[in-house]
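Student: I would like a close look at one part of this model, namely a single residue, the helix that carries it and the helix packed beside it. Please then set that part against the aromatic pairs and the nonpolar cores elsewhere in the chain.

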Amino acid sequence: MNRVENYINDELKKHKKICFALLDSENYYDISTIAKRVESLGASAILVGGSSAIDQLNLDKLVISIKTLISIPIILFPGNVTGVSPNADAILFTSLLNSEDPYFISGAQALAALLVKKYEIEPLPTGYIIIGENTTAWFVGRAKGIPFEKNKIAVMYALAAQYLGMRFVYLEAGSGAQKHISPKMVSSVRKYFDGLLIVGGGIKDSVVAKELVDAGADILVIGTLIEQDPNWEKKFSNIISAIRS
Ligand code: 1GP
């Protein structure tokens, strides 16, 4: 029970701030090598999924292929019901709180719930909040993106998530976002939200990473940097050092 959530809390006790690596199951040929590298560089978990990841068979194959190679947990990050793999350790059981489509708030979740139960995947109850527009997560999830400077609206959603019993809030600018979430928005949310605060989207360097954790983020998610930057290992390692200092 709550094995992965307890592990995350232990990691936070140990390091204060931690980082998850997001590996989009559909964008890698050699996910095993990357998974081992991110673990050795200090990622606390691997998120697998993405808003446009729809090949469930491929997803499961990848989860199986990396499972035996790493000891950090594999956490699903689904964009739809197809994001469930029986072999993962946990799932960010997200509700896209600022979607305009009930399917992404509770419909997909209801469809997937019995599957999560059947495969004994640990659900991490997460309020998922999309900031800004024009990203894949925003488009696919039919989000009414919160403007980047509207900190109070983000606070309102985060607090609502807490009152609905969600222990995690994920402030998402979207994968590959031009603009990351501002430290100001993170600190505004931090003042009110008591749970674990995940921040991701467009984080590419250690300076920004440090500002976001100093503002109150507990967990940063890094995806595109790993996928696209030839110098990602050095930058990822700098991010880990910066957030732990
Ligand atoms: C996207 O927040 C994650 O869901 C990570 O974003 O790919 O921009 O690092 P990046």
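Tutor: Ser 188 belongs to helix α7, and in this predicted model its relative accessible area is 12%, which is under the 20% limit, so Ser 188 counts as buried. Once the neighbours within four places in sequence are left aside, the contacts of Ser 188 are with Asn 151 and Val 155. Both of these partners also appear among the α6 residues that meet α7, so it helps to turn to the two helices as a pair, with the cut-off for contact being heavy atoms within 4.5 Å.

Helix α6 spans residues 151-163 and helix α7 spans residues 183-192, and their axes come within 9 Å of each other while crossing at roughly 35°. The handedness of this crossing is right-handed. On the α6 side the contact is made by Asn 151, Ala 154, Val 155, Ala 158, Leu 159 and Gln 162, and on the α7 side by Lys 184, Met 185, Ser 188, Val 189 and Tyr 192. Sorted by class, the residues of this contact are seven nonpolar, three polar and one charged.

Two further members of the contact deserve a separate word. Leu 159, in helix α6, has a relative accessibility of 18% and therefore still counts as buried, the limit being under 20%. The C-alpha atom of Leu 159 is separated by 37 Å from that of Lys 61, a residue 98 places away along the chain. Tyr 192, in helix α7, is partly exposed, because its relative accessibility of 48% falls between the 20% and 50% limits. Not counting residues up to four places away in sequence, Tyr 192 touches Val 155, Leu 159 and Gln 162, and its C-alpha atom lies 16 Å from that of Val 213, which is 21 residues away in sequence.

Now to the aromatic rings: a search of the whole structure finds six aromatic pairs. One of them joins Phe 77 and Tyr 170, which are stacked, with 5.2 Å from centre to centre and 15° between the planes. Because Phe 77 lies in strand β3 (residues 74-78) and Tyr 170 in strand β6 (residues 168-172), this pair ties together parts that are 93 residues apart in sequence. Phe 77 is buried at 5% relative accessibility, and Tyr 170 is buried as well, with a relative accessible area of 1%. Another pair, Trp 232 with Phe 236, is edge-to-face, at 6.2 Å centre to centre and with 65° between the planes. These two residues are four places apart in helix α10 (residues 232-244), so about one helical turn separates them, and both are buried. Ring pairs also link Phe 77, Tyr 128 and Tyr 170 into a cluster.

The nonpolar cores bring some of these names back. The largest core has 62 residues, and Leu 171 and Phe 236 are those with the most contacts inside it. Leaving out residues up to four places away in sequence, Phe 236 touches Cys 19, Ala 21, Val 38, Leu 41, Ala 43, Ile 222, Leu 225 and Ile 226. A second core, separate from this one, has 26 residues, and among them are Leu 12, Phe 168, Tyr 170 and Ile 219.

Methods
Residues numbered from 1 in each chain as written. Predicted model: local features only at pLDDT ≥ 70, side-chain atom pairs only at ≥ 80, totals over all residues. Heavy atoms only, no water. Phe/Tyr/Trp six-rings, centres within 6.5 Å; stacked < 30°, edge-to-face > 60°. Buried < 20%, exposed > 50% of the residue type's maximum accessible area, 1.4 Å probe, protein only. Core = buried A, V, L, I, M, F, W, Y, C linked by side-chain atoms within 4.5 Å. Axes fitted to C-alpha atoms, helices over the stretch in contact; angles between N-to-C directions. Left-handed = near helix turned anticlockwise from the far one by under 90°. Nonpolar A, V, L, I, M, F, W, Y, C, P; charged D, E, K, R; others polar.
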